Amino acid sequence: MSMHAQPTIRAPWPDELARAWKFLASKELFQGEVYPLVALVGEPQRIVAASALQVHPDGEKGRLFLRLRTAFLDKPLASQLLAQIDKLAQQKGIQSIGVILAESDPLHSLLLRQGFSSQRTDEWWCIDVPMAKARAGRAAELVKRPKIAADFSRCRLDNANLDEALAIAAEHGLIATERLGNREIIGAPSNSGYNPDLSVVVRYQDSIAGVLLVRKIDDTAFVQARAVAKRFTHLSNQINAHFMAHMNEPQYHLLSYILFSAQPTVEKETIALAKRFTGRKIASFSQFVKRPVLAYRPLPGVDCSPC
Amino acid sequence: MANRKVLLVGWDGADWKVARPLIESGQMPQMSRVCQHGSCGSLQSLPPYLSPMLWNSMATGKRPHKHGILGFSQVNPLSGKVQPVSSRMRKCPALWNILSSQQINNHVIGWFASHPAEKIRGVCVSESFTRPPQKVGDDWRVPQQSVCPASSAAPLAELRVRIEDVDQALLGLFLPHMDQMDLEQDLRWQKIIYRLAELYTAHNAAIQIISEHTDWRCLAVYYHFIDWICHDFMSYRPSVKTASSEQDVRFYGSVVDAAYRVQDALLADLLQHAGSEVTLMVVSDHGFHSDSLRPEKIPDVTAGIANWHRSHGIIAMSGPGIKPAGTISGANVLDVTPTVLHLLDLSIGADMDGRPLVEATLSANPAAKIPSWDALALGPDATETDVCESEDDALLQQFIDLGYIEMPSNPHEDLVEMTERETAFNLGIDLLDANLPAEALPHLYLAHATAPEAVHYAFHFARALSLLGLREEANNALAVVGDFGDDNLQGQRLRAQIDYLNGDFAAAAAQLGELNNRSDAGSGLLNQQGLLALQQSDFETAEAMFRQSIESDADNADAWAGLARALLRRKQFSDAISAARHALSLKRDMPLALLTIGQAQEQLEQVDEAAMAYVQAFQLQPHLANTWNALLRLTPSCSEPVQQQIHQLVNAHQTTANPPAYPKVDAAAILESARVSFAQRLASKRAAMQPVAAYTFSVASEPASSGQEFLIVSGLPRSGTSMLMQILAAGGIEPMADSLRAPDTSNPEGYFEWEPIKRLAENPNIIEQAGQRAVKVVSALLSHLPRKHAYKVIFMRRNLLEVSRSQQAMLDRSPPNKHQASDITRLSEMLQQHEQQVLEQLRKRTEIDLLEIDYRQTLTQPEQTIRQLQSFVGCGRLTDTASMRTVIKPKLYRQRVES
């Protein structure tokens with residue numbers, strides 16, 4: 001009887017896939033093409049590390065999902081697995097690999113040792129919808145005042161305003177420029193697209209002045225980008241009031257949470273908005289990259305489970 | 001006694017810790033009367049504390065490995081499908097079968113896993129009957145086979161309570177601050193309404209049966225209410241460990257207590273209708289943590305929410321034949337049926353694991369025994385197949401919603417495999433608890449091997465190995481806990497337990513040493529530390545540890561037994577006896593506690609009492625040398641009657657020299673056999689597979705953008721889809737089919753099925769393998785077709801009465817007229833509903849082009865159908881019209897309905 005003392009790193013068998021996904025604790029994350037690997041020890045063979053390299057539609061970038069049991073973080077198995085991932089990426093023509101890790105994830109040092117560099121940090125600010133209702137209600141009253149009501153208006157995100165709205169977010173580096181012109185990112189029921197009812201576009205006179213791009217993930221409104229057009233930054237307060245007023249709409253009442261995601265260094269106003277809503281910081285994520293730069297937002301249900 | 005009536009009332013999840021204060025404060029007046037005028041005590045449950053297993057142990061007097069109900073769902077061996085556990089899965093007669101075999105009129109209402117209702121000498125109402133529809137105004141049909149005899153269904157159906165019937169004032173009892181709540185936003189009240197509707201439906205059925213059928217001698221009624229409510233609302237009940245917000249505690253903190261009060265009022269109602277001459281027995285299958293022992297976190301394992309369940313439920317008995325103001329001690333869920341049988345003057349099956357609670361009765365007669373009731377009483381017929389899948393699915397969904405059943409949460413997870421694994425685990429746990437580690441080993445190995453990352457599987461497998469002396473294997477099995485690193489309290493505890501079982505006390509001490517003085521040490525850890533201190537002859541520390549453990553959980557039998565042991569060693573003999581007796585009152589099968597009593601009484605020179613304690617210890621565990629030697633030593637000093645008992649024991653074992661040897665078990669061989677069998681199964685499964693180097697996940701939100709189009713043939717099973725496939729094949733479109741399902745009398749021309757498409761729900765991308773071929777997809781799976789592709793769906797429609805008859809005929813190969821007309825009509829109605837839903841969905845999907853073909857028209861006017869098909873798929877693809885015509889054979893038109 002073989003005891004499999006040496007770890008095995010390989011692609012999983014079909015009957016092991018469910019275990020691999022469960023081990024990665026990322027059941028809702030995968031879309032498109034994914035290359036899984038598992039590291040196994042013992043008899044019966046148990047998974048002690050798993051990875052999934054997800055390929056971006058451009059075929060050049062990959063997002064890596066990685067999880068190792070604590071006891072193997074400093075073992076050769078960890079570097080062997082990352083070496084295999086590197087090899088796999090090369091074979092597939094993937095130029096860069098990005099990994100998102102929670103602040104407390106012990107994988108940080110391993111990735112740094114393996115040539116990854118820390119790219120950016122995102123924070124999550126969570127608001128309980130019932131707690132936010134009063135403030136949203138006050139904002140709704142505020143924006144009805146003649147001075148604001150005369151010049152500002154709100155509308156849902158739709159195909160007519162999508163390009164301009166995305167351009168504003170891209171102006172601040174909040175979404176990748178390659179997403180511009182992609183009409184399929186709107187109206188999707190899953191976390192792959194912006195929800196047209198939860199998202200909002202704020203107009204000032206005839207121009208789009210601000211945009212809130214929101215995904216619906218289970219009972220959470222995930223604010224993926226809050227952006228004010230650069231030429232209207234002096235109107236931020238009024239635009240923010242409209243964002244808040246929008247959250248007083250009935251579609252928000254059916255939710256439990258509003259989750260703001262923001263980079264603390266560049267999205268100070270977004271964090272201020274979350275704080276105004278009595279938001280509390282619940283997590284912080286670091287993004288590590290190897291070779292060229294990738295920009296992903298950590299997603300609820302996907303990136304919140306450290307090893 | 002000849003006419004004694006027994007009313008057996010089941011309250012799932014009821015616990016004295018909640019009930020006692022309510023009784024003492026006058027909020028449960030009926031239970032107060034029962035306790036005053038009758039006997040009551042705790043009812044020991046059986047791990048893994050899962051209700052279906054426990055209620056069937058109650059109803060049979062047997063452990064789950066004997067009665068065969070091993071969880072919330074099981075794989076039906078006949079169909080290979082996962083189904084909620086049903087009466088047909090039970091392998092031995094239940095109380096109601098035994099009573100019926102003795103011509104005793106009895107009724108049973110709502111018992112767990114009692115669907116389909118069984119034919120008994122009375123009315124049997126299954127738990128499916130009591131489940132109301134989720135939405136106001138929804139249709140609520142009486143589920144098929146939920147009442148037996150079926151003639152009783154109509155009057156009971158009239159008394160059912162829908163959610164909209166639940167009185168607002170009654171809800172106010174649960175939510176005293178309802179006027180301050182936002183009932184439009186916060187919908188938790190709906191759960192209470194739903195459970196109340198279910199509760200009153202079961203209760204009204206019981207009252208109706210009591211009123212209409214007065215000549216019964218036993219009536220068993222089961223209420224799930226308290227357990228449901230506790231799962232939903234216990235976390236809001238004020239306690240030192242309440243984690244809920246202040247507002248939630250204010251609004252929902254009294255829901256659990258209200259549930260007990262309502263249940264008490266219904267008990268009074270039952271008794272009023274049943275009459276004063278009835279002997280009452282109220283039981284619960286497990287308790288429910290309400291205090292500091294509430295689970296902080298529900299583990300991410302199947303049925304993890306059972307962590308709320310406590311090891312002791314309740315038993316309360318009153319009425320004729322029951323001792324007044326008595327205390328029931330050491331009772332077990334297995335004792336319920338033997339006690340009812342004894343109360344009704346019937347014999348106990350010697351193969352039952354429970355005993356009659358004679359100490360609670362006034363009967364002077366010992367309980368009579370027969371070898372078994374299995375051959376005498378007709379149990380459920382396991383060869384029948386459950387017919388109503390939609391009802392099964394509804395129940396299955398309910399268990400999934402509640403968290404008792406895990407649903408495959410990601411691609412590739414196999415519900416059948418998951419269910420088999422969990423069934424094997426539950427069976428293994430029961431066998432371990434029954435002190436049968438060798439029998440448990442293969443089952444625990446199967447669970448461990450199919451999910452080796454699961455710590456709880458690994459731990460119990462390691463326990464079995466340790467108990468069988470396979471120490472190294474036990475250590476290897478538990479290697480998984482090391483994966484989580486050194487700073488892992490749970491892992492260290494588990495490791496220490498295995499070290500202790502292995503007899504490696506130094507290693508156990510090393511593991512536990514690091515955990516000393518932790519503020520979060522629970523009673524389990526304290527017990528371990530106590531046991532280790534006993535081993536190291538540090539009796540003072542041992543006593544302190546066990547006392548601390550009891551402080552944390554006063555009902556922890558192991559802590560009391562450990563304390564008794566420590567007190568014995570500290571020569572506090574009377575206290576040791578008292579602690580050991582308390583342990584036995586909580587859990588009666590503790591040979592070590594009996595041995596402690598014997599040794600302490602010997603020290604106090606109470607020779608007869610000591611010998612009797614040894615006798616009892618010996619009966620539980622005949623292989624303990626200490627007990628045997630003590631018995632032989634004491635015999636000459638004992639009184640005559642005690643000596644006789646000891647001699648009887650000695651004669652039974654035909655030896656005086658040594659205690660009976662442990663049965664020889666080649667545990668290593670059992671393990672190897674389990675390994676080989678699993679490895680073979682795995683190898684055979686993987687023989688036709690390749691490792692998955694890349695996997696493509698479909699994007700649910702993608703529009704039909706792939707540019708690919710697939711041709712689908714669909715319809716209800718037996719609607720003529722195989723013929724349609726044959727027509728397409730004859731016309732020139734290659735069918736996507738394998739030959740796994742051979743032609744038979746139902747489909748003499750073949751089925752044209754492709755086995756892998758049955759996994760469309762788990763792997764929607766499988767459709768891509770069809771390419772340009774036509775593939776048959778059963779109607780229920782159409783919703784899983786990924787939206788990124790376009791489809792041409794040809795949907796065969798046939799008279800649904802014909803479909804129903806054809807399905808029934810195919811299922812049992814019996815003439816259609818064997819089935820009652822109502823069954824066929826009912827099935828046909830359900831099919832109609834399903835077909836309408838499917839077609840509505842198909843018509844809404846923009847990426848689907850739908851053609852509906854009429855079966856009868858195809859057989860009577862084939863040319864018209866052929867033209868429709870050619871036009872739909874394009875004439876260029878169906879060129880051979882003549883061949884298409886020849887495969888349409890009107891003579892195969894069976895089950896025709898002339899209308």
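**Notebook: loops, helix pairs and single residues**

I started at A:Pro44, which sits in the loop between E2 and E3 of chain A. The model I am reading is a predicted one. I looked up the bond that leads into this proline, and A:Glu43 and A:Pro44 are joined by a cis peptide bond with omega about 0°. In general, most peptide bonds are trans.

I then looked up a cis bond in chain B. B:His115 and B:Pro116 are joined by a cis peptide bond, and omega there is about -5°. B:Pro116 belongs to the loop between strand E5 (106–109) and strand E6 (124–125) of chain B.

**Chain A overall**

I noted nine helices and twelve strands for chain A. The chain has 307 residues, and 57% of them count as buried. I checked how far apart in sequence the contacting residues lie. Among contacts in chain A with a separation of 6 or more, 71% are between residues 24 or more positions apart. The accessible surface of chain A is about 12600 Å², and carbon and sulfur atoms hold 50% of that.

**Helix H1 of chain A**

I asked how many residues of helix H1 (residues 17–24) of chain A are buried. Seven of its eight residues are buried, so I wrote H1(A) down as mostly covered. The buried ones are A:Leu17, A:Ala18, A:Arg19, A:Ala20, A:Trp21, A:Phe23 and A:Leu24.

I next looked for what they pack against. In chain A the partners are strand E2 (32–41), strand E3 (46–55) and strand E4 (61–68). Chain B adds helix H15 (437–450) and strand E16 (695–697). After H1(A) comes A:Ala25, with a positive phi near 50°.

**Positive phi elsewhere**

Most residues other than glycine have a negative phi, so I wrote down two further exceptions. A:Thr278 is not a glycine, yet its phi is positive at about 60°. This threonine is in the loop between helix H9 (268–276) and strand E12 (280–290) of chain A. A:Thr278 has a relative accessible area of 35%, so I list it as partly exposed.

B:Lys571 also has a positive phi, near 65°. This lysine is in the loop between H23 and H24 of chain B. Its relative accessibility is 62%, and B:Lys571 therefore counts as exposed.

**The H23/H24 pair in chain B**

B:Lys571 led me to the two helices that its loop connects. I asked at what angle helix H23 (residues 557–569) and helix H24 (residues 573–586) of chain B cross. Their axes cross at roughly 165° and come within 8 Å of each other. Because angles over 145 degrees count as roughly antiparallel, H23(B) is roughly antiparallel to H24(B). The crossing of H23(B) past H24(B) is left-handed.

I listed the residues in the contact. H23(B) contributes B:Ala557, B:Trp560, B:Ala561, B:Leu563, B:Ala564, B:Leu567 and B:Leu568. H24(B) contributes B:Phe573, B:Asp575, B:Ala576, B:Ala579, B:Ala580, B:His582, B:Ala583 and B:Leu586. Sorted by class, this contact has 13 nonpolar residues, one polar and one charged.

I picked B:Ala583 out of helix H24 of chain B for a closer look. Is B:Ala583 buried or exposed? Its relative accessible area is 0%, so B:Ala583 is buried. Apart from its neighbours within four places in sequence, B:Ala583 touches B:Ala557, B:Trp560, B:Ala561 and B:Met590. For a distance across chain B, I took B:Ala583 and B:Met725, which are 142 residues apart in sequence and 69 Å apart from C-alpha to C-alpha.

**The H2/H11 pair in chain B**

Helix H2 (residues 29–37) and helix H11 (residues 255–274) of chain B pack at about 65°, and their axes are 7 Å apart. I found B:Pro29, B:Gln30 and B:Met31 of H2(B) meeting B:Asp264, B:Leu267, B:Ala268 and B:Leu271 of H11(B). This contact of H2(B) with H11(B) holds five nonpolar residues, one polar and one charged.

**Two more residues in chain B**

B:Gln44 is in strand E2 (residues 39–44) of chain B. Its relative accessibility is 7%, so B:Gln44 counts as buried. Beyond its neighbours within four places in sequence, I noted contacts of B:Gln44 including B:Ser311, B:His312, B:Asn332, B:Leu586 and B:Asp589.

I finished at B:Asn435, in the loop between helix H14 (415–433) and H15 of chain B. B:Asn435 is partly exposed, with a relative accessible area of 49%. B:Ala464 is 29 residues from B:Asn435 in sequence, and the two are 9.6 Å apart from C-alpha to C-alpha.

Definitions and conventions:
Residues are numbered from 1 along each chain as its sequence is written. Chains are lettered from A and ligands numbered from 1 in the order in which they are written. This is a predicted model: local features need pLDDT of at least 70, side-chain atom pairs count only at pLDDT 80 or more; totals for chains, interfaces and linings use all residues. Side-chain values use heavy atoms; hydrogens and water are left out. Axes are lines fitted to C-alpha atoms, for helices over the stretch in contact, and angles run from 0 to 180 degrees between N-to-C directions. Helices (H or I, at least four residues) and strands (E, at least two) are DSSP runs, numbered from the N terminus. Angles under 35 degrees count as roughly parallel, over 145 as roughly antiparallel, 65 to 115 as roughly perpendicular and the rest as oblique. A crossing is left-handed if the near helix is turned anticlockwise from the far one by less than a right angle, and right-handed if clockwise. Contact means heavy atoms within 4.5 Å. Ala, Val, Leu, Ile, Met, Phe, Trp, Tyr, Cys and Pro count as nonpolar, Asp, Glu, Lys and Arg as charged, and the others, Gly among them, as polar. Buried means under 20% relative accessible area, exposed over 50%, partly exposed in between (1.4 Å probe, protein chains only). Accessible areas come from the Shrake-Rupley method with a 1.4 Å probe; for residues, only the protein chains shown count as cover.
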